[in-house]
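Here is a short tour of the model shown below. Keep the structure open while you read, and turn it as each part comes up.

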Amino acid sequence: MRSWGLSRWTWGNVQNRTLEMPSRSLLPAKICRTTCSCLTVRPSKAEKIQEEIQEKQNEATVEELAVLTLEEAQLWAQSFEHLIKSPNGRSNFRHFLKSEFSEENLLFWLACEELKKETNRTVVEQTVRQIYEDYVSVLSPREVSLDSRAREVISKNMLDPSSQTFDEAQQQIYTLMQRDSYPRYMSSSIYADLIESLESTKTAEES
């Protein structure tokens with residue numbers, strides 16, 4: 001009888017423990033946490049390079065500007081080169097291009113300038129692809145206007161990407177801005193208002 005009682009007591013405890021198992025809600029939580037951590041996707045080297053490229057392009061379009069003087073602004077009227085070499089000039093010219101819905105021309109030119117400074121081949125190749133997708137591809141909303149010859153040269157250069165891949169296209173866009181956008185900018189209210197404001201500031205300082 002004692003043996004039977006012990007057997008019944010042992011079996012009862014086994015039953016109780018078996019019934020208690022599903023109520024241990026911590027087990028699924030542990031499994032979930034382990035599974036989630038295992039599935040965490042770490043950025044690849046290519047993704048990190050892409051992020052660096054994007055940061056550089058953002059830095060190129062958001063420049064630190066020095067205090068603009070009347071003399072500097074008046075210098076822009078002498079040549080397009082004076083305007084494009086001046087950070088303040090590029091900023092004000094970009095504001096004008098936005099009003100004409102042609103800002104992508106300056107952004108493309110700036111991106112090409114940054115590309116020329118890069119020496120890391122992997123970064124160069126990634127940057128070339130990014131510039132192509134952003135400004136050359138017909139699917140891009142910021143596609144710049146290039147003739148068939150420039151596009152043909154780019155297509156050939158894309159087979160072996162380098163910091164000179166877009167040289168001809170960049171020169172074409174530079175010429176377009178110089179001959180088309182620059183004269184309109186110089187006669188625009190944006191430039192006239194800027195000069196008037198700087199003249200007023202200078203007069204106030206001298207009085």
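A residue counts as buried under 20% relative accessible area, as exposed over 50%, and as partly exposed in between. Arg121, at 48% relative accessibility, is therefore partly exposed. Please keep in mind throughout that this is a predicted model.

## Overall picture

Let us begin with the fold as a whole. The protein has 11 helices and 0 strands, and reading along the sequence gives the pattern α-α-α-α-α-α-α-α-α-α-α. Of its 207 residues, 32% count as buried.

The accessible surface comes to about 14,100 Å², and carbon and sulfur atoms make up 54% of that. Looking at contacts with a separation of 6 or more, 65% are between residues 24 or more positions apart.

## Helix 8 and the loop after it

Helix 8 is a good place to check the geometry. It covers residues 121–136, and at 1.5 Å a residue its 16 residues should span 22 Å; the end C-alpha atoms are 21 Å apart, so the two values agree. At the N-terminal end, Asn120 acts as a cap, with a side-chain oxygen 2.9 Å from the backbone nitrogen of Thr122. The buried residues of this helix are Val123, Val124, Gln126, Thr127, Val128, Gln130, Ile131, Asp134, Tyr135 and Val136.

Move on into the loop between helix 8 and helix 9 (148–157), and you will find Ser140. Is Ser140 buried or exposed? Its relative accessible area is 12%, so Ser140 is buried. A polar atom of the Ser140 side chain lies 2.5 Å from the backbone oxygen of Asp134. Once neighbours within four places in sequence are set aside, Ser140 is in contact with Glu133, Asp134 and Tyr135.

## Aromatic pairs

Next, the rings. The whole structure holds 11 aromatic pairs. One of them joins Phe80 and Tyr174 edge-to-face, with the centres 5.1 Å apart and 65° between the planes. This pair links distant parts of the chain: Phe80 belongs to helix 5 (residues 80–85) and Tyr174 to helix 10 (residues 167–186), 94 residues apart. Both Phe80 and Tyr174 are buried.

A second example is the stacked pair of Phe93 and Phe96, at 6.4 Å centre to centre and 20° between the planes. Both rings come from helix 6 (residues 87–99), where Phe93 and Phe96 sit 3 residues apart, about one turn of the helix. An α-helix has 3.6 residues a turn, so residues three or four places apart point the same way. Phe93 and Phe96 are both buried as well. Which residues do ring pairs link into a cluster? The members are Trp76, Phe80, Phe93, Phe96, Trp109, Tyr174, Tyr182, Tyr185 and Tyr191.

Helix 6 also contains Pro87. With a relative accessibility of 32%, Pro87 counts as partly exposed. Its C-alpha atom is 8.1 Å from that of Ala66, a residue 21 positions away along the chain.

## Salt bridges

Finally, the charged side chains. How many salt bridges does a search of the whole structure find? It finds 13. Among them is the one between Asp160 and Arg121, whose closest N and O atoms are 2.9 Å apart. Here too distant parts of the chain are linked, as Asp160 lies in the loop between helix 9 and helix 10 and Arg121 in helix 8, 39 residues apart. This is the Arg121 that we met at the start as partly exposed.

Glu143 forms a salt bridge with Arg151, and in this case the closest N and O atoms are 2.5 Å apart. Glu143 is partly exposed, having a relative accessible area of 29%. Another salt bridge runs between Arg149 and Glu168, with 3.0 Å between the closest N and O atoms. That pair connects helix 9, home of Arg149, to helix 10, home of Glu168, across 19 residues of chain. Arg149 is exposed, with a relative accessible area of 54%, while Glu168 is partly exposed at 29%. To round off the tour, look for Glu100, Asp180 and Arg184, which are linked in a network of salt bridges.

Key
Residues are numbered from 1 along each chain as its sequence is written. This is a predicted model: local features need pLDDT of at least 70, side-chain atom pairs count only at pLDDT 80 or more; totals for chains, interfaces and linings use all residues. Side-chain values use heavy atoms; hydrogens and water are left out. Helices (H or I, at least four residues) and strands (E, at least two) are DSSP runs, numbered from the N terminus. The expected span of a helix is 1.5 Å times one less than its number of residues. Buried means under 20% relative accessible area, exposed over 50%, partly exposed in between (1.4 Å probe, protein chains only). A polar contact is a pair of N or O atoms within 3.5 Å; within protein, one must be able to donate a hydrogen and the other to accept it, and residues adjacent in sequence count only if both atoms are side-chain atoms. Contact means heavy atoms within 4.5 Å. Accessible areas come from the Shrake-Rupley method with a 1.4 Å probe; for residues, only the protein chains shown count as cover. Rings of Phe, Tyr and Trp (its six-membered ring) pair if their centres lie within 6.5 Å; planes under 30 degrees apart count as stacked, over 60 as edge-to-face and the rest as tilted. A salt bridge is a side-chain nitrogen of Lys or Arg within 4 Å of a carboxyl oxygen of Asp or Glu.
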